[in-house]
There are 4 protein chains.
Amino acid sequence: MSKVKVAINGYGTIGKRVADAVTMQDDMEIIGVAKTRPNYEAFVAHDKGYDVYTLADRVDAMTSAGIPAAGTVEDMISKADVVVDCTPGGVGEKNKALYEKAGVKAIWQGGEDHDLAGCSFNAEANYAEALGKDFVRVVSCNTTGLCRVIYPLDQEYGVKKVRVTLMRRAADPNDIKTGPINAIVPNPIKLPSHHGPDVKSVIPHINITSTAVKLPTTLMHLHTLNIELEKECTADDVKAIFAKQPRVRMVGQGITSTAEVMELGKDLGRPRGDMWENCVWEDSVTMYEGELYFFQAIHQESDVIPENVDAIRAMMELESDGAKSVAKTNKAMGL
Amino acid sequence: MSKVKVAINGYGTIGKRVADAVTMQDDMEIIGVAKTRPNYEAFVAHDKGYDVYTLADRVDAMTSAGIPAAGTVEDMISKADVVVDCTPGGVGEKNKALYEKAGVKAIWQGGEDHDLAGCSFNAEANYAEALGKDFVRVVSCNTTGLCRVIYPLDQEYGVKKVRVTLMRRAADPNDIKTGPINAIVPNPIKLPSHHGPDVKSVIPHINITSTAVKLPTTLMHLHTLNIELEKECTADDVKAIFAKQPRVRMVGQGITSTAEVMELGKDLGRPRGDMWENCVWEDSVTMYEGELYFFQAIHQESDVIPENVDAIRAMMELESDGAKSVAKTNKAMGL
Amino acid sequence: MSKVKVAINGYGTIGKRVADAVTMQDDMEIIGVAKTRPNYEAFVAHDKGYDVYTLADRVDAMTSAGIPAAGTVEDMISKADVVVDCTPGGVGEKNKALYEKAGVKAIWQGGEDHDLAGCSFNAEANYAEALGKDFVRVVSCNTTGLCRVIYPLDQEYGVKKVRVTLMRRAADPNDIKTGPINAIVPNPIKLPSHHGPDVKSVIPHINITSTAVKLPTTLMHLHTLNIELEKECTADDVKAIFAKQPRVRMVGQGITSTAEVMELGKDLGRPRGDMWENCVWEDSVTMYEGELYFFQAIHQESDVIPENVDAIRAMMELESDGAKSVAKTNKAMGL
Amino acid sequence: MSKVKVAINGYGTIGKRVADAVTMQDDMEIIGVAKTRPNYEAFVAHDKGYDVYTLADRVDAMTSAGIPAAGTVEDMISKADVVVDCTPGGVGEKNKALYEKAGVKAIWQGGEDHDLAGCSFNAEANYAEALGKDFVRVVSCNTTGLCRVIYPLDQEYGVKKVRVTLMRRAADPNDIKTGPINAIVPNPIKLPSHHGPDVKSVIPHINITSTAVKLPTTLMHLHTLNIELEKECTADDVKAIFAKQPRVRMVGQGITSTAEVMELGKDLGRPRGDMWENCVWEDSVTMYEGELYFFQAIHQESDVIPENVDAIRAMMELESDGAKSVAKTNKAMGL
Ligand SMILES: NC(=O)c1ccc[n+]([C@@H]2O[C@H](COP(=O)([O-])OP(=O)(O)OC[C@H]3O[C@@H](n4cnc5c(N)ncnc54)[C@H](O)[C@@H]3O)[C@@H](O)[C@H]2O)c1
Ligand SMILES: NC(=O)c1ccc[n+]([C@@H]2O[C@H](COP(=O)([O-])OP(=O)(O)OC[C@H]3O[C@@H](n4cnc5c(N)ncnc54)[C@H](O)[C@@H]3O)[C@@H](O)[C@H]2O)c1
Ligand SMILES: NC(=O)c1ccc[n+]([C@@H]2O[C@H](COP(=O)([O-])OP(=O)(O)OC[C@H]3O[C@@H](n4cnc5c(N)ncnc54)[C@H](O)[C@@H]3O)[C@@H](O)[C@H]2O)c1
Ligand SMILES: NC(=O)c1ccc[n+]([C@@H]2O[C@H](COP(=O)([O-])OP(=O)(O)OC[C@H]3O[C@@H](n4cnc5c(N)ncnc54)[C@H](O)[C@@H]3O)[C@@H](O)[C@H]2O)c1
């Protein structure tokens, strides 16, 4: 059986990771990546053997900078079965016409609105919904992290209400333009924030409110969760459920911060030191006055990566069972 | 009437501010400050005209460094009506015997336990409790900030339950030893944290749970509050209550972070740019699904300062009405 | 004698400080400040009693936001003897025509090029050059800091060559947009940088090369200086010269970082905690292998403020002797 | 031929990297690593298959925490040909008696003094000196970075004088205890600093002075170099020399900060995203007024790693030619 042909439009933080994760699978392959500027990331893509495409008016610039452009974005799309759009938030929307014209399936990321794709995706929560779909949005890093813990709890005990405080890294590690350097930024100031409710785009009936801030750190987001459940259960019950989740990792063993979680990612030999799973502090999982509390750290650069692989598999109907796709993806990535 | 004689034991972040605030009042005065090391802070204290005392074995070191020591800590205590102990958390406890022996009243700060003084104090919430007391603990910056908003809401509408996430600056601006530089540190990891419940040392019947983190910022703490009230009310009702509080400031007008709150403190001409009040974002005050949400920024270095002045006044029975003391303190400080 | 009428065009980090410093003098006064947005800074300006002007198309917005606009920027200029332009770097240039048309003298800041004014100013180094001039540029915070130590050394011992590494705070304390959060940014990468040579716009014959970086800190710049002198001298000779400079402060006494220098500014009761002087670490001043080395910290937000006052005095010929103007400014500001 | 048996005493930032680098070689192997606490790093070491040893009084604690201790540090040493001591600076010194007693060769890191080993090592500069030696010190990350550029320049053009400003990351990425969070710390304040002269422990005749600061960043050090050479040459000559160095990488291609250098390390698929080479900004290499200037970034966590491998090879006389060892090490590591 021939592999599904995947194109990456926008080879940045998310795009380069999706490219590498797809390459690790046996049922799909990268046929090209599109990059706007001939910077070091483009050189590395080329050196890795990816065909590098670019915007029509930049083909010459790319080639003359030393990266022989394989063609235009349109050329790349025409060869693909599915395009993973990893352009910056808001840009992806403008590419929809392109994908429709080429009759190619497309995945967008969390920077786009639900309505663009009509189907918001998290492999653990609603894989089946994406089966055969032409357009899918893999939800944001924060929403992905929330779905992975809320969905199984809801299945088992029923989720009555979620209150979450999202402490967001203000910039990715390689972004030197964005601040703050020394401040806490409540964002948005109007409450509740839109972040939590984005979970409803995947699991509509969840009652969730969120507050969010931006912080002078680059490594990970941290979530403080407070959950009221329908049925009674203990902290140990919750830990047992989390322990069974394929993309939740319980942390402890002297790990006391997002910095040490990232160190663990490096120690484990993960590519780029990525931490694809939610990292829940085992000692934080507490049932207090009948409500569940816990902390989890979310690696914004990578938690959505395996989800993109699963989304491709669902859309191309390579696998009809979500749990099997998740297991296959995880195994291929070494998770 | 002669002024109440106040000594400051421990002239650091809190101590130097209490000294200056006491000096601004007409019913109390500083008779000396105790400092362990002859650093720039000691020189400035001396230049300002404060008598500088030190530990018995450091008198010579202080004097030979260029700051003529006025005597030992014991000498200082013997001249005072009340000592404000602003030594580092945990050190203050060891000084209790000293104060008892000298028969002097003493105030400790939030770094000490409630039991040390037996009376935990917040001027707005329980001024009367401290009247005539020998020992009082002015609660921590975070607890002070919480009491100021919880108490009046409780008075007016009854507080059923408070859930708060405390995002703490990891180090004061002049502390260059303490990290993290680039991480979020859930602290404590075991939930709920002890911070919120410290409110009960002032207002015992409040039902409150808290989670806390330490962040790579030096400026202020930020609190995310979720409050369930007994009686129904609107966001506007809550804003109206906050607007009446003498030590709560509503912020807006383009202020979007703790950095801009601190800039406002400087713009207002406050000594050291201090922001003595809770700063509540007006636009954040929201009633959602019957629960109250808002953000407030707390200037850890200074919010407890006017409280210390009021505590002195209560303990010395200079004023029996808390509201009058608060008004007098605020007016003298220019708040 | 009536006071010189000063207008501030651009009421931000520099503008608000110049306004307050001018107000402290007995020979000049603020007749208005211009601000583009009705944010908290504008409210404070209004509350302080400054007449707030704005761009012609924003007069209504300002007024309806609650700050009665006193008129347009043009209105303000027409009433002034001298305008201090403190708009963002590059914007000031566009205002030149406005000032010429109104026949008003103008001062620009270091964000503009030397050629715009034709006269680059540092009170200690070339006050006389600005006497009676219509247009003057007060050089940048870094150049001001360099002139203050290079000029007197050159006068006394002759400066053969200066090599300086400028470690720049990447953003001002109230700027939450600008990064980096966790990186060192060599900037510019091409060497030597343009920063050092800007000293020549004030003292043309100085031989200076510089390298510069941007850092994840908001407080101060730090300069590492290496200077070859014509005549022999000792570290003590250099310290003696620095000690005599009206805007150089020798620091020690446990001050080990820019954070503690800023704490000192607050302890001294300076408005906004500003540190108008260069802060040279006394212990760092060293003569090694015939070359001078030392560290100095420069408070980017405030070191140019007294220079602006002196520039007004020179341009208006209120005082012909630079040293006398410096002394007068310093005294009025409490430096 | 049997492989050289290497033990790692102190499995932290440096130790774990040396362990992995040794494992990649075909002429040496890890026979055990010693770790004091059973934290996540110890678990990963165990999972990777390393025998984990510990202090005599912690064997039980290690085992009961879930990591079956292979024995005591002494047990480990007795099985080794060479111990790489990667304990914290100052601790290594105390281990010398242990190594002497066991008659085992030992390597220390840059945190120890030159005199402890008597031989300070950098593979490119003085490999031959370490041949057959019992004790060797691999110099610090900064000194290693300096030797790699100074030595070849000295060989080719003669180095007359080096002036360097070392901008040091204040803490490693996984260290959340150490600050500063928002300050520049000149350190040491007395000039010149001891850092530069440490180069003389490897290349004694080099004339070098240095100044150093600590910065609120965790990623890399940055060096600003100013070098006077004996013979005339151009910037292109220097670039050509650097391009030939096996552990110097020229960077450009949109890389403008230490953050992007670290991103490149991840993009290249390096273990832990490490950047073992000096990264010299090609565009910064400049000859100005007869003096050389350039910027280089040094990855403190990893630049000494290949040097440790070479030191083992020299001490065990596995290879007498330094260049060949460097090439062999680099190839095995994928550098
Ligand atoms: N970075 C994160 O933490 C994160 C996490 C989850 C989801 N996302 C979402 O993923 C998407 C991508 O974000 P990112 O962080 O990878 O952005 P990024 O800025 O790192 O990468 C975007 C890439 O797209 C390229 N690009 C820009 N315009 C383009 C165009 N018109 N055509 C093709 N390529 C173009 C850029 O050159 C860049 O390489 C966004 O929707 C974002 O919201 C980001
Ligand atoms: N800094 C804050 O944000 C903050 C806020 C609210 C409450 N507090 C509490 O206030 C207290 C003081 O904290 P701080 O931040 O001002 O500490 P600090 O470290 O800034 O100052 C403590 C001072 O005490 C001196 N000192 C130390 N040992 C002493 C001794 N044995 N006798 C006399 N003086 C001694 C030190 O030299 C220093 O000047 C603590 O209980 C702390 O928890 C601090
Ligand atoms: N901030 C520093 O560290 C520093 C130090 C020395 C010199 N400077 C120089 O001083 C100048 C001002 O810098 P700043 O840091 O105060 O900037 P800022 O951004 O803090 O303030 C600029 C102000 O100008 C206003 N403004 C913008 N456009 C305007 C216009 N067209 N007309 C009138 N007002 C306008 C803005 O609203 C703002 O209030 C620049 O040339 C800068 O290079 C800055
Ligand atoms: N981290 C760097 O940037 C860097 C760079 C170059 C050189 N060095 C040098 O390398 C050495 C190690 O530094 P590091 O950063 O890896 O330190 P580290 O703190 O990361 O690791 C030290 C390890 O030694 C262990 N340890 C402590 N005491 C011990 C003992 N008595 N016996 C056995 N193990 C013990 C600790 O548990 C820890 O695992 C120091 O000399 C340091 O100066 C560090």
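1. Let's start where chain B meets chain A. In this predicted model, 19 residue pairs make polar contact between chain B and chain A, both partners being at pLDDT 80 or more. The count of salt bridges between these two chains is eight. One of them joins Lys161(B) to Glu289(A), with the closest N and O atoms 2.7 Å apart. That pair is a nice place to begin when you look at the contact on screen.

2. How many residues does each chain bring to this contact? Chain B gives 46 residues and chain A gives 46 residues. The size of an interface is often expressed as the accessible area that is lost when the parts come together. Between chain B and chain A, about 3700 Å² is buried, and carbon and sulfur atoms account for 65% of that. On the chain B side, look for Ile184(B), Ile189(B) and Leu191(B): these residues supply 18% of the area that chain B buries against chain A, more than any other three residues.

3. Next, think about how the two copies are arranged. Two copies of a chain are related by a rotation about an axis together with a shift along it. Here, a turn of 180 degrees and a shift of 0.0 Å along the axis lay chain B on chain A with an RMSD of 0.0 Å. The two copies are thus related as by a two-fold rotation axis. To find that axis from the chain B side, go to Pro216(B): its C-alpha is the nearest one in chain B, 3.2 Å from the axis. You can also compare the two sides of the contact: 100% of the interface residues of chain B are interface residues in chain A as well, so the copies meet through the same surface.

4. Chain B also touches chain D. This contact takes 15 residues from chain B and 15 residues from chain D. About 980 Å² is buried between them, with 69% of it on carbon and sulfur atoms. Which residues of chain B lose the most area to chain D? They are Ile176(B), Ile181(B) and Thr218(B), which together make up 54% of what the chain B side buries.

5. Staying with chain B and chain D, the number of salt bridges between them is zero. Two residue pairs are in polar contact across this interface, both at pLDDT 80 or more. The side of chain B that touches chain D is made up of nine nonpolar residues, five polar ones and one charged one.

6. Now for ligand 1. There are 20 residues around it, and Thr13(A), Ile14(A), Thr36(A), Arg169(A) and Asp172(A) come nearest. A polar backbone atom of Ile14(A) is 2.9 Å from an oxygen atom of ligand 1. The side chain of Arg169(A) has an N or O atom 2.9 Å from an oxygen atom of the ligand, and a backbone N or O atom of Tyr11(A) lies 3.2 Å from one. On its own, ligand 1 has 830 Å² of accessible area, and the protein covers 79% of this. The surrounding shell has seven nonpolar, ten polar and three charged residues.

7. Finally, visit ligand 3. It is surrounded by 20 residues, the closest being Thr13(C), Ile14(C), Thr36(C), Arg169(C) and Asp172(C). A polar side-chain atom of Arg169(C) lies 3.0 Å from an oxygen atom of ligand 3, while an N or O atom in the side chain of Lys35(C) is 3.3 Å from an oxygen atom of the ligand. Taken alone, ligand 3 exposes 820 Å², of which the protein buries 80%.

Conventions: Residues numbered from 1 in each chain as written. Chains lettered and ligands numbered in written order. Predicted model: local features only at pLDDT ≥ 70, side-chain atom pairs only at ≥ 80, totals over all residues. Heavy atoms only, no water. Contact = heavy atoms within 4.5 Å. Buried area = accessible area lost by both parts, 1.4 Å probe. Salt bridge = Lys/Arg side-chain N within 4 Å of Asp/Glu carboxyl O. Polar contact = N/O pair within 3.5 Å; in protein donor to acceptor, adjacent residues only side chain to side chain. Nonpolar A, V, L, I, M, F, W, Y, C, P; charged D, E, K, R; others polar. Least-squares fit on C-alpha atoms with pLDDT ≥ 70 in both. Near = heavy atom within 4 Å. Areas by Shrake-Rupley, 256 points an atom, 1.4 Å probe, with all protein chains shown as cover.
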